[in-house]
Amino acid sequence: MTASWQLWCDRRGRLSTLRVATLALLLLPLVKVIFQASEIAHGARPLNDLIHRAGFWALVFLGVTLAVTPFRRIFRYGNLVEIRRMLGVGTFCYIATHLALFFADQSYDLGKVVHEITHRVYLMVGATAWLGLAALAGTSTDGMVRRLGGLRWRRLHQAIYGITLLALIHYFQQTKADVTVPTFAASLFFWLIAYRLLAWWQNTSELSTLSLLGFSIALSGITFVGEAIGIAIAFHVSPLLVLKMIFDFDAGIRPGWQVLAAGLAVVAVQAAMTRWKNPTVRARAVAAE
Ligand code: HEM
């Protein structure tokens with residue numbers, strides 16, 4: 001039996017490389033902050049810098065948590081599910097730090113914090129997502145899974161998709177100028193959710209390489225159009241003019257290309273895994289050795 005604080009051990013109490021790697025990944029942003037401590041301290045607004053870092057990493061780890069389900073199927077690595085809870089709780093730790101730093105930035109004045117949250121839409125959206133994540137983190141223990149029952153627990157945890165949407169809205173709302181990174185992040189999240197929706201619609205646990213290729217290309221197209229419409233509304237220009245610029249690589253690589261590259265990389269892995277796991281191909285490879 002493994003004690004709950006022995007995060008680096010699997011359920012049988014053995015040291016798990018996968019868990020150690022996940023812990024290292026979760027601690028990486030913290031190590032980066034320690035190394036850049038002097039640079040951050042001498043910046044214009046150190047606390048605000050830390051708020052941004054904690055929020056950004058919370059969103060990244062939320063994405064990594066959501067990637068577990070599709071990736072364990074694509075990489076044919078069922079053990080990935082072992083680290084999902086650790087990633088989810090790790091995400092909440094960063095989001096708790098994000099709020100604690102906001103408290104510190106408001107001089108620990110609870111009245112001021114409540115006033116800010118209730119008077120700024122982006123903070124209200126963030127706070128709603130925060131409460132949702134807290135509810136999911138609080139019900140992620142084995143005891144709570146037993147108490148709620150598998151079906152109710154799964155239904156409750158499906159709220160993660162709504163929470164993700166709120167977190168993305170919060171991210172977009174607080175971004176002042178360039179929305180390239182938020183657009184890329186939103187597309188990656190939609191890729192992860194679209195994978196589940198398509199698998200559910202096709203009544204399968206694993207999408208074919210062709211379906212994966214098709215929806216990765218479609219999502220890239222939606223990203224180009226969505227970004228063009230967003231920029232057109234914000235800057236009162238024609239969306240067609242923005243779309244014409246997608247091949248202007250001197251102005252930067254648009255998020256549509258970035259999400260296409262990420263999608264194609266996953267398609268390549270899936271194709272390789274399908275080929276490798278095909279018994280005939282493997283038998284031929286072994287015979288050739
Ligand atoms: C009570 C809850 C929350 C509060 C008070 C809050 C507050 C803030 C503040 C003050 C900023 C910086 C805005 C600026 O400098 O103009 C920010 C940015 C951000 N927040 Fe939150 N937030 C909350 C919840 C969340 C949640 C739940 C998430 C996502 C899981 C999140 C993700 C982010 C991200 C990604 C950024 C931008 C980071 C970057 O610049 O790269 N926040 N938040």
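This report covers salt bridges and a nonpolar surface patch in a predicted model.

## Salt bridges overall

The model holds seven salt bridges. Three of them are described below: Arg19 with Glu82, Asp105 with Arg45, and Asp49 with Arg53.

## Arg19 and Glu82

Arg19 and Glu82 pair through their side chains, with N to O at 3.8 Å. That falls inside the cut-off, because a salt bridge needs the nitrogen within 4 Å of the carboxyl oxygen.

The two residues come from distant parts of the chain, 63 residues apart. Arg19 belongs to helix α1, which covers residues 17–35. Glu82 sits in the loop between α3 (46–74) and α4 (84–105).

Their exposure can be read residue by residue. Arg19 has 15% relative accessibility, so it counts as buried; the limit for that class is under 20%. Glu82 has a relative accessible area of 33% and is partly exposed.

## Asp105 and Arg45

Asp105 bridges to Arg45, and their closest N and O atoms lie 3.9 Å apart. Asp105 is in helix α4, while Arg45 is in the loop between α2 (37–41) and α3. The pair therefore ties together parts that are 60 residues apart in sequence.

Asp105 is partly exposed, at 26% relative accessible area. Arg45 reaches 51%. Arg45 therefore counts as exposed, since that class begins over 50%.

## Asp49 and Arg53

This pair stays within one helix. Asp49 and Arg53 both lie in α3. They are four residues apart, about one turn of the helix. Their closest N and O atoms are 2.9 Å apart.

Asp49 is partly exposed, with 26% relative accessibility. Arg53 has 19% relative accessibility and counts as buried, because the limit is under 20%.

## Nonpolar surface patch

Five residues build a nonpolar patch on the surface: Trp5, Leu7, Trp8, Leu15 and Val20. The patch measures about 530 Å².

Val20 is the member placed here in a helix, namely α1. Helix α1 also carries Arg19 of the bridge to Glu82. Val20 has 38% relative accessibility and is partly exposed. That value lets Val20 qualify for a patch, because patch residues need over 30% relative accessible area.

Terms used: Residues are numbered from 1 along each chain as its sequence is written. This is a predicted model: local features need pLDDT of at least 70, side-chain atom pairs count only at pLDDT 80 or more; totals for chains, interfaces and linings use all residues. Side-chain values use heavy atoms; hydrogens and water are left out. Buried means under 20% relative accessible area, exposed over 50%, partly exposed in between (1.4 Å probe, protein chains only). Patches are made of residues with over 30% relative accessible area and no salt bridge: like charges are joined within 9 Å, nonpolar side chains (Val, Leu, Ile, Met, Phe, Trp, Tyr) within 5 Å. Accessible areas come from the Shrake-Rupley method with a 1.4 Å probe; for residues, only the protein chains shown count as cover.
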